[in-house]
Structures are given as structure tokens and as C-alpha cells.
Amino acid sequence: MLTLYCPDFMMPERDYAARVIFEEFLGLKYCLIRHDDDHWRLTDSEEKRSLIMPDVFFAKAREYWLGLESLPKQPLPTWNVASDLSDLVLVKPDLPIIAGVTHLDGAWFFRSADNTILLGIDVIGSAFFMLSRYEEVVKPDRDEHDRFPALASLAYQESFLDRPIVDEYVELLWVVMKRLWPTLERRRHEYCLTLTHDVDDPFGVKGQTWGRIIRRLGRDLIRLRDPALAVRHMRSLLISGEAGDNLDPNNNFDWIMDQSEGYGLRSKFYFMVGDTNKEYDDGYDIFASRLQRLLRRIHERGHIIGLHPSYDTLDRPNLLLTEVEKLRQALEKAGVDQIVQSGRQHYLRWRADRTWADWENAGLKEDSSVGFAEHAGFRTGTCRAYPVWSLADSKPLKLIEKSLVIMERSLLSEQYMNLSLEQAGFVITRLVSAVKLFKGNMVVLWHNDHFLDPVATCLYYNLLKEGV
């Protein structure tokens, strides 16, 4: 068994970050022990070999916890790792250093004659910084939806949002460890593509108010410039019952499931049950017969149903509890035997200081909210699922985060990246390649109503071919 020595302060935070790296990601047993030195030291049971890393992040955070002074100093230094570790494969050769110090000769890596390696990167502190989204509690930046913007993040400002930096650090750590302990074996991971769909508009016009029907038809005519689509929506409105429901262009769930099943995948559909904000929630009735039929059909085909909490649940945890229970009741009424345990916040309204704790308190098990709306990439620095840390309560949670990597609106919306089909395809290729490199989880979000846009649909076909 390996022994990891660390400075004797902020032990819960240290224990959490080390556990995620060594147990969750690498699958290694270790023992964490306090010591009086100012660095991390990893050694074997006989203490014949040692890996020493600086303790930078927690040392600074101890004095300036959740203060601006605790954030990494910019611009970040970089290390061309290939010059020292030619067998390490990264997304890009120059590795940004979130927290670390070089040795006296300016080197980030040094191996002494006595089987000791000095690595200048604070891998564990840097991982805590990214995985907990520490900076999002420190920085006051918020957009019009009270979301932390990508432009304010260290990853965006230092140009590593398109690479899972924590996974790169872990891979670096592993390569260095293998130099000291060649017989070590790590956990094997498998790449997977996770298809998720936030169901904002399950039916474009059926069951909607006239105000929302008019807005839908206006979108068809003005934004999508598709009069035929407007006609299809009107036809579905004029025909009553299930026949009219089946004509609604938004009711494309069987087609979505066909695409997923064609690649041996299951989709996750996250339904809204609340209408807390008339401007941003779409207000459909989850107990209506058309929605009950839809829930049953998704379940019968073996796909997953989860929760898409309404806009105002960000600030109202009791409302989140109510919506979890409401979806459970709707599934029970529909005869669907599924446990409500996963989902994503509406508008990606997520806060590092409260949302994860709210989800755990509501009995949810898995979140996929943590991605930036305005930019695709790795907000948490990893493409692996991991148990989260609550900055609100200063403790680890059982909740698992499966971070969102790509949302179609991020790529195509004029207010976000505003990419062409070709440009968006290039971004998808780059991000999928990064996830495959580390055998991670490629989590994507495609809203069912965005398949009404031919560009978004074409991009989805490309994503499936690229991502499987």
C-alpha cells in the first residue's frame, strides 16, 4: 500500500482530493498521514522510493480561504512536458500549471540518485481547485441568469477550457509513479458517450397557452425561416387527441431513441415538472395524458427519465424537493418503474456554493449541470464522473457529477459561440478526441426542440459518428 504524507491542516479537503485522484481515478489503495513538512510525499510501505510534490494551493488557501488572494497568479506558467517525460501523452504538449513551483534550476521534474522524484506541480491541490469549482465562489462574476460565466474562469482565460486539465495532471502523476513503482496497476476506464436531452418543449403547441403558441409559430417563421414547420405545428394543434400529438414536430422522441439505439446507446431525458418563472419555464403538465404516454414510451424502450428542475429552483431548495417528488408521482401514475436520480438544472443555473448540496438533500444521485452555457469544454477539468465536494458545508457528498462537455446551443447560438456547421464540427472532433484520450465520459446535451433546426440535426449526426 502507498502512503501519502501531507501538511497537518485542511485535512478534510486534502483527504477528499486525494481520494478522488487515487481511489476514484487511479483505483489505488493508499493511506493519508499528517506530517510536519510543507509538501506532499508519496512513498511505499518500505519507504524506499518517494515522490515529492509542493503544497501550494492549500498553503495559500489556508491564509486566504475563499479570498481573491488564494486564486492562482496569472498568467500561469507552462511546462513542455515532452522534454522531461516523452512517454506522457497530453492534449497539447505545453501543460499549464495551476499550482506549483520549479526547483532551483527552474525544472518542473527532477529525479535524484536516491530513488526520489521531485515533481513541481501540486497535483492534489490543483485538482481540488478545479473539481470543487472553488474559483466560482471566490469571484463575483455572474451573467443575467446568475450563472458564473466561462469568460471569468481560469480555464478560459488561460486557454485550457478545451482540455481536461485534471485528467492530464492525473496522467502525469501516473507516469511519474510508474517510474518509481513499475509493478503498479491502475484502474481501467472505458470511453463512453452519454446522450442527454433537456425536455423544455415536449410538444411545441399541444397543451400550451395561446401566448406560447404564438411565440412558437413566430420562432418557426422568423428565427428558423421555416413556414412548413409552422404549418406542421398548426396541423397538430387543429387535430385533437393522440393523432394530433403524433403530428407535433416537437414530439420527436421516437426518432431520438432510434438514433441512440442505432449506436447501442440509451438516451437520458430530463423532464420539467415546475413552472416557477413565466419568462423562462415552458410550463407543461407532466400529468397530462400526452406526457404520461411519452413517459411510458421512453421507459418501455429502455431509456432513462430524469429531472430538469425549473428556473427558480436555484434559489429555492424546498422547491427542488417538491419537483423531485412531483416527477416521482408522475412516473408512478404512468406506471413507470424508474427511480428519479439524475438530471440537470434549467438554463444550466448552477452555483458552486449551494446546488450540489441541494441536490443531495433532495435525494438525487447524479448531476450533469456543470458545463458553461456560452462555451463548450471542461468546466470541472475532468471528463470522468466523480463524487463532489460541498463548499457550502465543507464536506464531501455522495452526489456524482458527470460534467457537461457540449451543448448544441453553446456551439450554434448567436449569443454564445455562434459557430458555423464546419466550425462546430471541428470543436466536437477536438473535444471527443480529448475525452477518448483519457477514456472518459463524453456528456452531450441536445434539446429535443433543436432537432427542428436542420443545422443542429446535421451536427448531431456528425456527433454520433464521431463520438461513438
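Is Leu-2 buried or exposed? I looked there before anything else. Leu-2 has a relative accessibility of 6%, so I noted it as buried.

**Entry: the model.** I am working with a predicted model. I kept that in mind for every value below.

**Entry: around Leu-2.** I placed Leu-2 in strand β1. Then I listed its contacts, leaving aside neighbours within four places in sequence. Leu-28, Lys-29, Tyr-30 and Cys-31 came up. So did Leu-42, Thr-43 and Asp-44. Met-177, Trp-181 and Leu-184 complete the list. I also checked one pair by distance. Leu-2 and Lys-29 are 27 residues apart in sequence, and their C-alpha atoms lie 6.7 Å from each other.

**Entry: overall form.** I counted 16 helices and 17 strands in the protein. Next came the radius of gyration. A compact globule of 468 residues would have a value near 23 Å; the protein has 24 Å, so the two agree. Along the principal axes, the C-alpha atoms fill a box of roughly 80 × 45 × 40 Å.

I then turned to burial and surface. Of the 468 residues, 59% count as buried. The exposed area is about 19,200 Å². Carbon and sulfur atoms supply 50% of that area.

For contacts, I took those with a separation of 6 or more. Residues 24 or more positions apart account for 74% of them.

Charges were next. I found 58 positive and 70 negative charges in the protein. Their mean positions are 3 Å apart.

**Entry: backbone exceptions.** Most residues other than glycine have a negative phi, and most peptide bonds are trans. I searched for departures from both.

Which peptide bond is cis? I found one running from Gln-74 to Pro-75, with omega near 0 degrees. Pro-75 sits in the loop between α2 (57–64) and β5 (78–80).

For positive phi, I noted Met-10, at about 50 degrees and not a glycine. Met-10 lies in the loop joining β1 (2–7) to α1 (11–25). Its relative accessible area is 17%; the cut-off for buried is under 20%, so Met-10 counts as buried.

Leu-348 also has a positive phi, near 55 degrees. I found Leu-348 in the loop between β12 (342–343) and α13 (355–361). Its relative accessible area is 5%, so Leu-348 is buried.

**Entry: helix α15.** What should the 17 residues of helix α15 span? At 1.5 Å a residue, I expected 24 Å for residues 421–437. The end C-alpha atoms are 24 Å apart, which agrees.

I listed the buried residues of α15. They are Ala-424, Gly-425, Val-427, Ile-428, Leu-431, Val-432, Ala-434 and Val-435. What do these residues pack against? I found two strands, β16 (406–407) and β17 (441–445). I also found two helices, α14 (408–412) and α16 (454–467).

After α15 comes Lys-439, with a positive phi near 50 degrees.

**Entry: His-447.** I went on to the loop between β17 and α16, where His-447 lies. Its relative accessibility is 2%, so His-447 counts as buried. Which residues does His-447 contact, leaving aside neighbours within four places in sequence? I listed Asp-198 and Asp-200. Met-407, Glu-408 and Arg-409 are also in contact with His-447.

**Entry: Glu-414.** Is Glu-414 buried or exposed? Its relative accessibility is 71%; the cut-off for exposed is over 50%, so I put Glu-414 down as exposed. Glu-414 belongs to the loop between α14 and α15. I also took a distance to Glu-13. The two are 401 residues apart in sequence and 40 Å apart in space, C-alpha to C-alpha.

**Entry: Arg-219.** Where is Arg-219? I found it in helix α7, residues 210–223. Arg-219 has a relative accessible area of 15%, so it is buried. Leaving aside neighbours within four places in sequence, Arg-219 is in contact with Leu-224, Asp-449 and His-450. Last, I checked Arg-219 against Ala-230. These are 11 residues apart in sequence, with 8.6 Å between their C-alpha atoms.

Key: Residues numbered from 1 in each chain as written. Predicted model: local features only at pLDDT ≥ 70, side-chain atom pairs only at ≥ 80, totals over all residues. Heavy atoms only, no water. Helix = DSSP H or I, 4+ residues; strand = E, 2+ residues; numbered from the N terminus. Rg over C-alpha atoms; globule rule 2.2 N^0.38 Å. Buried < 20%, exposed > 50% of the residue type's maximum accessible area, 1.4 Å probe, protein only. Contact = heavy atoms within 4.5 Å. Areas by Shrake-Rupley, 256 points an atom, 1.4 Å probe, with all protein chains shown as cover. Lys, Arg positive; Asp, Glu negative; His and termini not counted. Charge placed at Lys NZ, Arg CZ, Asp CG, Glu CD. Expected span 1.5 Å × (residues − 1).
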